[in-house]
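Grab your viewer and work through these exercises one at a time. Try each task before you read its solution.

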Amino acid sequence: MGGSSIDDDWEFTSSLNGVRTVVLVGRTGNGKSATGNSILGEKAFKSRASSAGVTSTCELQRTVMKDGQILNVIDTPGLFDFSAESEFIGKEIVKCINMAKDGIHAVLVVFSVRTRFSKEEEAALQSLQTLFGRKINDYMIVVFTGGDELEENDETLEDYLGRECPEPLKEILNLCKNRRVLFDNKTKDEVKRAEQLQQLLSLVNMVIAQNGGQPFTDEIFVELKKGAMKLRDQTEEINSLKGYPNRELAELKEQMHRSHEEQLKRITEMVEAKLRETTRRLEQQLAEEQAARLKAEEIAQIAQMKSNDEIRKLREHLERARKETEELRKQAESGKCAIL
């Protein structure tokens with residue numbers, strides 16, 4: 001689904017109707033698509049081990065759970081990779097929201113235990129919060145991929161976090177109230193696959209309950225909904241018209257779609273502007289942090305040089321004292337010989 005295309009079932013509904021939507025976000029190569037496939041129980045999203053990433057645009061796949069609930073899974077490209085242009089990211093975010101329709105029930109933030117938590121990922125989460133507000137934290141669940149590697153090393157997720165959990169990651173886990181799960185996307189063990197999926201779905205249910213059954217929405221969702229409902233109503237009205245030439249009806253439909261396209265463009269530009277401002281602020285923050293680090297290193301280097309100089313002077317002083325002591329000893333021995 002992209003551009004101005006709108007499905008007929010666009011409605012804001014609660015999760016009580018059995019339809020839930022989760023969105024996978026994270027750095028390229030962290031295993032978002034593979035995690036989506038594990039959730040769906042089939043290879044619906046293209047996935048392979050690659051730092052370049054396979055997913056190039058937002059994609060929605062749907063599955064029906066054992067209890068009859070419909071689960072929508074939206075896979076995204078590296079929406080918050082700094083290498084991507086804000087124009088591309090803006091369009092993909094609007095497309096993702098367009099797909100989510102009735103809101104997002106959980107945001108699955110995907111990290112990999114195979115790679116170190118990076119400054120880029122820290123900045124990405126800040127971008128997410130800046131774009132959608134602090135409220136998005138209430139819908140976040142952290143998914144760690146690479147469970148097979150931890151198992152090979154006889155480690156648990158707790159062991160990994162005990163040795164590989166920098167402060168920014170601790171803060172993210174704290175913000176989402178420690179909602180986290182470990183996924184092994186390579187396992188063929190059906191019991192293990194079912195267990196990790198159940199753990200994730202339990203966390204999704206927890207998020208939904210703690211948010212009063214209401215999915216995440218904001219002004220962007222509302223604007224898109226208004227535009228979609230208006231387009232649908234106008235389409236129905238035009239289709240119901242009788243006695244008008246087909247050419248006039250086609251012109252009306254074209255005008256209607258053009259108006260909707262303009263609305264999408266306006267919303268996309270608003271998102272892009274917000275992203276550019278966020279990126280600018282983050283780059284400034286990183287530059288300030290780097291400058292502070294260089295200053296601290298310079299101060300430490302000066303202190304080290306001063307310390308080295310003081311040590312050198314102390315050594316010289318000790319060496320002079322040693323020589324003087326040696327000289328006095330020789331003089332004393334010489335005096336003894338003269339007396340004898």
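**Exercise 1. Which residues of α1 are buried?**

Before the solution, some ground rules: this is a predicted model, where local features need pLDDT of at least 70, side-chain atom pairs count only at pLDDT 80 or more, and totals for chains, interfaces and linings use all residues. Residues are numbered from 1 along each chain as its sequence is written, and side-chain values use heavy atoms, with hydrogens and water left out.

Step 1: get the terms straight. Buried means under 20% relative accessible area, exposed over 50%, and partly exposed in between (1.4 Å probe, protein chains only). Helices (H or I, at least four residues) and strands (E, at least two) are DSSP runs, numbered from the N terminus.

Step 2: list the residues. The buried ones in α1 are K32, S33, A34, T35, G36, N37, S38, I39 and L40. That makes 9 of its 9 residues, so to speak of α1 as mostly covered is fair.

Step 3: look just past the end of the helix. G41 comes right after α1 and takes a positive phi of about 80°.

**Exercise 2. Work out what lines the second largest pocket.**

Step 1: define it. On a 1 Å grid over the protein atoms alone, a pocket is an open set of points with protein on both sides within 12 Å along at least five of seven lines, whereas a cavity is a set where a 1.4 Å probe fits but cannot get out; lining residues have an atom within 4 Å of a point. Grid points are joined across faces, edges and corners, and a volume is the space filled by probe spheres set on the points.

Step 2: get the numbers. The second largest pocket has a volume of about 530 Å³. Its lining counts 21 residues, with I39, M65, K66, L197 and L201 nearest the centre.

Step 3: assign the lining to elements. At least two residues each come from α1 (32–40), β2 (59–64), β3 (70–75) and α7 (190–210). The largest share, 8 residues, belongs to α7.

Step 4: sort by class. Count Ala, Val, Leu, Ile, Met, Phe, Trp, Tyr, Cys and Pro as nonpolar, Asp, Glu, Lys and Arg as charged, and the others, Gly among them, as polar. The lining then splits into 10 nonpolar, 6 polar and 5 charged residues.

**Exercise 3. What does T63 touch, leaving out residues up to four places away in sequence?**

Step 1: place the residue. T63 sits in strand β2, and it counts as buried because its relative accessibility is 14%.

Step 2: apply the contact rule, heavy atoms within 4.5 Å. T63 then touches L40, Q69, I70 and L71, not counting residues up to four places away.

**Exercise 4. Follow helix α3 and what packs around its residues.**

Step 1: check the span. The expected span of a helix is 1.5 Å times one less than its number of residues. Helix α3 (residues 119–132) has 14 residues and reaches 20 Å from first to last C-alpha, close to the 20 Å expected.

Step 2: check the cover. In α3, 10 of the 14 residues are buried, including L125, L128, L131 and F132. G133 follows the helix with a positive phi, near 85°.

Step 3: find a partner in the loop between α7 and α8 (219–240), namely D218. D218 touches L131 and F132, with residues up to four places away not counted. D218 and F132 are 86 residues apart in sequence, yet 7.2 Å apart in space, C-alpha to C-alpha. D218 counts as buried because its relative accessibility is 12%.

Step 4: try I136, in the loop between α3 and β5 (140–145). Leaving aside neighbours within four places in sequence, I136 is in contact with V107, L128, Q129 and F216. I136 counts as buried because its relative accessibility is 2%.

**Exercise 5. Inspect the backbone of K177 and N178.**

Step 1: recall the background. Most residues other than glycine have a negative phi.

Step 2: read off the angles. Phi of K177 is near 55°, while N178 has a positive phi of about 60°.

Step 3: place them. K177 is in the loop between α6 (167–175) and β6 (180–183), and N178 is in the loop between α6 and β6. K177 counts as exposed because its relative accessibility is 60%; N178 counts as partly exposed because its value is 43%.
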